[in-house]
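Q: I have a new model open. How do I read its overall architecture, step by step?

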Amino acid sequence: MSSTLRRTWANIDLDALAYNYRALKAHIGEGVKFMGIVKADAYGHGSVQVGRCLEEAGADYLAVSSIDEAMELRVGGITMPVLILGHTPRDQVEKLIDYDITQTITCEAKAINYSNEAMKLGKTLKVHIKVDTGMSRLGYLCDDGFFDGGVANIVEDCQMPGLDVEGIFTHFAMADEDGEEALAYTRHQFKLFCDVISSVEERSGKKFRIRHCANTGATARFPETHLDMVRPGLLLYGYGDYARDLGLQPVMSLKTAVQTIKHYPAGTKISYGGTFTTDRKTRMGVLPYGYADGFLRSLSNKAQVMTSEGPARQCGRICMDMSMIDLTDKHSVGVGSEVEIFGKLNPVEEMAAAGGTIPYELVCAVSKRVPRVYLKDGQVIERELLLRF
Ligand SMILES: *Cc1c(COP(=O)(O)O)cnc(C)c1O
């Protein structure tokens, strides 16, 4: 890539994304809709570009966390249905309706507010009901002693004149965890969700048009949970064990180039705090990639990056703008040589495991200072620098 601000960039492979979408469509089969999760700027990949790619590929729905993220898609020219998973203030209802954005409803008080606001405008707001079956975050509480009350509230809210209730959904807390306990928990959540749906439909006489609950783990592992639509995030971007099992491709490759090479004798302390000491004559590369770019400082002395001569370990504390790597045995790697921080050659899963975190956090952490470079048919089609200058 020609020089950008700092010579660290994220390649976003839209062909891999489209491939993953098609592979997942084949996996879920005919008759199941596909909602692409593009919250948090599409897990750091760029929500407008990812949204556009999914829209072209024929996906049915997108989901974001807030009205700001939804507006970014609309302003970016995306016209397909968009669901906001989180809260929107009631004074924004007109905007939701004007831009045809679907809102999640998580409790009766909000249902009343939204319905009233929509009625004032003489319109209806399209909504999906969120059921809390065990995630204990958002949604109508419906477990155990709360079942009858929860169902009664949902039935009532489905009749509200300002609301067009299109869908109902829940979120799994353990669909991607191993073990019997997690399996039982997911089964319980799913059964409860199905029970809520059938009770509400029976009492209200209405049928939900879109019932959905399958996140990454459930999309990959539990076909019975696919219902009318699946809702994967991480899987779509090609990360994690389930993506590997399904043969999906990682979409982001984070790259940088060696900025400087230094030679040190054995016994030299490297970087802040001197947490790394060279144990031999060392040829150390400096990368223009630090924690302000998304290289978590907690990965210091734990991560490795991929050079053309194989993995190089990161040495010393990761700084704000830079980090050091050991290039002693890699003679062909010099100033200007490209290094993959994570991507197709250096799996993000390994770096996440080394840092005691999850791939989600590492891709979301890639900061606005890192330009995104979009590739389609192997060609660069767009470069986005989020930093303004
Ligand atoms: C983020 C999110 C998803 C996607 O989760 P993944 O684990 O990335 O598949 C699905 N549903 C809801 C409600 C979410 O918040």
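A: Start with the domains. This is a predicted model. Its domain assignment gives domain 1 as 31-237 and domain 2 as 252-384.

Q: How many residues does each domain bring to the contact?
A: Domain 1 gives eleven residues and domain 2 gives ten. The size of an interface is often given as the accessible area lost when the parts come together. Here we have residue counts instead.

Q: What separation do the centres of the two domains show?
A: Taken over C-alpha atoms, the centres of domain 1 and domain 2 are 38 Å apart.

Q: What does the radius of gyration say about the protein chain?
A: Set it against the value for a compact globule. For 389 residues that value would be near 21 Å; the protein chain has 24 Å, so the two agree. Then look at the extents. The C-alpha trace spans about 80 × 45 × 40 Å along its principal axes.

Q: Which secondary structure elements should I expect, and how many?
A: Count helices and strands separately. The protein chain holds twelve helices and 21 strands.

Q: What share of the contacts joins residues at least 24 apart?
A: Take contacts between residues at least 6 apart in sequence. Of these, 66% join residues at least 24 apart.

Q: How do I read burial and surface?
A: Use the cut-off: buried means under 20% relative accessible area. Buried residues make up 55% of the 389. The accessible surface is about 16600 Å², with 51% belonging to carbon and sulfur atoms.

Q: Where do the charges sit on average?
A: Compare the centres of the two sets. There are 44 positive and 50 negative side chains, with centres 6 Å apart.

How values were computed
Residues numbered from 1 in each chain as written. Predicted model: local features only at pLDDT ≥ 70, side-chain atom pairs only at ≥ 80, totals over all residues. Heavy atoms only, no water. Helix = DSSP H or I, 4+ residues; strand = E, 2+ residues; numbered from the N terminus. Rg over C-alpha atoms; globule rule 2.2 N^0.38 Å. Buried < 20%, exposed > 50% of the residue type's maximum accessible area, 1.4 Å probe, protein only. Contact = heavy atoms within 4.5 Å. Areas by Shrake-Rupley, 256 points an atom, 1.4 Å probe, with all protein chains shown as cover. Lys, Arg positive; Asp, Glu negative; His and termini not counted. Charge placed at Lys NZ, Arg CZ, Asp CG, Glu CD. Domains from an automatic or database assignment.
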